[in-house]
Amino acid sequence: MSTPNPGTSGIDVRLVIRADGTVAKCTVALSDPSNTIGRLLPDGTLRIDDGLLAAWVRGWAAGDEDAVHCPYRGMPRRRTPDLLQIGTTRPA
């Protein structure tokens, strides 16, 4: 496994702060909604949703080196409903 960060129980705590204040965990999956795990509030408080972060650190708890190396691979995905496109049928 990769070298743990001192003082963090070994969990990788690198985060992405976007211009709109949302917080992401991965620099690769920027457009994936499951990458948003919190928000930087106007007063500077960092609010992280532990439930959303848990999927990103699951490899540490499970001892899964592949998930520690790249948590996005094998990430549980939130399934979004298929969108209905209006006006896609051609007239006869």
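How many aromatic pairs does a search of the whole structure find? Good morning. Before I answer, please note that the structure above is a predicted model.

The search finds one aromatic pair. Its members are Trp-56 and Tyr-72, whose ring centres lie 6.1 Å apart and whose planes meet at 10 degrees; planes under 30 degrees apart count as stacked, so this pair is stacked. Where along the chain do Trp-56 and Tyr-72 sit? Trp-56 belongs to helix H1, residues 50–56, while Tyr-72 lies in the segment after helix H3, residues 65–69. The two are 16 residues apart, and the pair thus links distant parts of the chain.

Are these residues buried or partly exposed? Trp-56 has a relative accessibility of 3%, and because buried means under 20%, Trp-56 counts as buried. Tyr-72, with 22% relative accessibility, counts as partly exposed.

Let me now turn to the strands. An open sheet is formed by four strands in the order S1-S2-S3-S4, with antiparallel pairing. Strand S1 (16–17) and strand S4 (46–48) are the edge strands, each pairing on one side only. Between strand S2, residues 22–24, and strand S3, residues 36–40, the antiparallel pairing runs over three bridges. Within this region, Val-23 stands opposite Gly-38 in S3.

Strand S3 also contains Leu-40, which is partly exposed, its relative accessible area being 33%. Which residues join Leu-40 in a nonpolar patch on the surface? They are Leu-15, Ile-17 and Leu-46, and the patch has about 300 Å² of accessible area together.

Thank you for your attention.

Methods:
Residues numbered from 1 in each chain as written. Predicted model: local features only at pLDDT ≥ 70, side-chain atom pairs only at ≥ 80, totals over all residues. Heavy atoms only, no water. Pairing = 2+ DSSP bridges. Patch = residues over 30% accessible without salt bridge, like charges linked within 9 Å, V, L, I, M, F, W, Y side chains within 5 Å. Areas by Shrake-Rupley, 256 points an atom, 1.4 Å probe, with all protein chains shown as cover. Salt bridge = Lys/Arg side-chain N within 4 Å of Asp/Glu carboxyl O. Buried < 20%, exposed > 50% of the residue type's maximum accessible area, 1.4 Å probe, protein only. Phe/Tyr/Trp six-rings, centres within 6.5 Å; stacked < 30°, edge-to-face > 60°.
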